[in-house]
Amino acid sequence: MIKKIEQIHWDLKKFIANGQEDIETFKVKYLGKKGKITELFKEFKTLPSREKKYVGAELNRLKNECSEIIFQNKYKLSKNEESLEDLTKSGKPYIFGARHPISLVKNKIINIFNQIGFTSYESPEIEDDWHNFTALNIPYYHPARNMQDTFFIEKDPDILLRTHTSSVQIRYMEKHSPPIRILSSGRVYRNEAISPRSHQMFHQIEGLYVDTKVSFSDLKQMIQYFTNSLFGSSRIRLRPSYFPFTVPSAEVDVYCELKTKTGWLEIMGCGMVNTQVFRNVDIDPDKFSGFAFGMGIERIALFLYKIGDLRLFFENDIRFLRQFESIH
Ligand code: PHE
């Protein structure tokens, strides 16, 4: 029996598998129900007990050797397959992230204004009453201060989530004197019902231009430059409006003929900086004048990308976001 074990031991050593089937046949040949090693185990039972100890140890060693050889051959085969795979298969596609549509529109707008000298300025989302309301000439009885519109964090003194980016105007003018040419973008918050057209958090871009002899016609020219750059149209409509921090004030509509949509789109509120606002930040209104404008990014993005529901921007559904992969 020891001779048989030895013979099989040498046979095992010679084995080199060329494929998965070779391994299977090898396994059946030695360890299968009628395999050579299995047969030896059957024979082993008939041995006289004095031989059992020694032969048993040898037989077990043979069985382990066989399993080890199978394992090693499997490993070698898989390695070969891998390197073959590398050579013949095309590379796996790499999934790039996509810019969020709000960021796409925001960046476009910032680029347009950068070209005419506006630089970016950041300002906090948590504001006090002074910067969000009082300094902007919004009196305490103004409806915008109403509990229904504003998210208050603390009362007396009032700390709140800014309701518009106009607070940036005050923050900047408190620290810098004219000439001023800044752009600020960020989130704003209003306690409104969430619907396809409104949300409690959205994005605005605010611009402020202050210098000597700035006039309303400068504002109009700048708006036309902007609408022409973003929508390819300088056909605009200025509708008289009211903001406590600008006089006169206007709402701007632009006429667009885009692949996605055609028609008038309301894009911003604007006006000449109210002299009271200048006084609140210690800028001399007899020496300086300026204009300010603010626009909602979501509204423009809805229009440009023909999206029907504003809530899609905030759900982060990958199927929605993937559609913007090719836009830069
Ligand atoms: N803050 C105004 C709004 O949220 C927009 C605006 C900004 C109007 C600057 C005039 C000047 O509606």
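Helices (H or I, at least four residues) and strands (E, at least two) are taken here as DSSP runs, numbered from the N terminus. The exercises concern a predicted model, in which local features need pLDDT of at least 70 and side-chain atom pairs count only at pLDDT 80 or more, while totals for chains, interfaces and linings use all residues. Residues are numbered from 1 along each chain as its sequence is written, and side-chain values use heavy atoms, with hydrogens and water left out.

**Exercise 1. Describe the seven-stranded sheet and what packs on it.**

Step one is the strand order. The 7 strands form an open sheet in the order 1-5-6-10-9-8-7, with mixed pairing; two strands pair if DSSP finds at least two bridges between them. Strand 1 (119-120) and strand 7 stand at the edges with a single partner strand each, so one side of each has no neighbour in the sheet.

Step two is the packing of helix 8 (residues 216-231), which touches strand 7, strand 8, strand 9 and strand 10 and whose direction makes about 145 degrees with that of strand 9. Contact means heavy atoms within 4.5 Å, and angles run from 0 to 180 degrees between N-to-C directions, with axes being lines fitted to C-alpha atoms, for helices over the stretch in contact. Helix 10 lies across strand 6, strand 8, strand 9 and strand 10, and runs at about 55 degrees to strand 10.

**Exercise 2. Follow the chain through strands 7, 8 and 9, and find the bridge partners.**

Begin with strand 7 and strand 8, which run antiparallel and are joined by 7 bridges. These two strands form a hairpin with 2 residues between them. Within the pair, R239 has E251 of strand 8 as its bridge partner, and F243 stands opposite T246 in strand 8.

Continue to strand 9, which pairs with strand 8 in the antiparallel sense over 10 bridges. Here the hairpin has 4 residues between its strands, and the bridge partner of C256 is G263 in strand 9.

Finally, look at the backbone of strand 8, where P248 is found. The peptide bond from V247 to P248 is cis, with omega near -15 degrees.

**Exercise 3. Work out which elements and residues line the largest pocket.**

First fix the term: on a 1 Å grid over the protein atoms alone, a pocket is an open set of points with protein on both sides within 12 Å along at least five of seven lines, a 1.4 Å probe being the one used for cavities, where it fits but cannot get out, and lining residues have an atom within 4 Å of a point. Grid points are joined across faces, edges and corners, and a volume is the space filled by probe spheres set on the points.

The largest pocket has a volume of about 940 Å³. Of its 39 lining residues, R190, F202, Q204, F243 and G296 are the closest to the centre.

Next, assign the lining to elements. At least two residues each come from strand 6 (201-211), strand 7 (236-243), strand 8 (246-257), strand 9 (262-273), strand 10 (289-296) and helix 10 (297-304). The largest share, 6 residues, belongs to strand 9.

Last, sort the lining by type, which gives 17 nonpolar, 13 polar and 9 charged residues. In this scheme Ala, Val, Leu, Ile, Met, Phe, Trp, Tyr, Cys and Pro count as nonpolar, Asp, Glu, Lys and Arg as charged, and the others, Gly among them, as polar.

**Exercise 4. Characterise the three-stranded sheet and the loop between strand 3 and strand 4.**

The 3 strands form an open sheet in the order 2-4-3 with antiparallel pairing. Strand 2 (126-128) and strand 3 (152-154) are the edge strands, each pairing on one side only. Neighbouring strands of this sheet are turned by 35 degrees against each other on average, direction ignored.

Strand 3 is joined to strand 4 (residues 159-161) by 2 bridges, and E154 has I159 in strand 4 as its bridge partner. The loop between strand 3 and strand 4 holds P157, which a cis peptide bond joins to D156, with omega about -5 degrees.

**Exercise 5. Determine how helix 2 and helix 3 are arranged.**

The axes of helix 2 (residues 20-31) and helix 3 (residues 36-45) come within 3 Å and cross at roughly 10 degrees. Helix 2 and helix 3 are therefore roughly parallel to each other, a label given to angles under 35 degrees, with over 145 counted as roughly antiparallel, 65 to 115 as roughly perpendicular and the rest as oblique.
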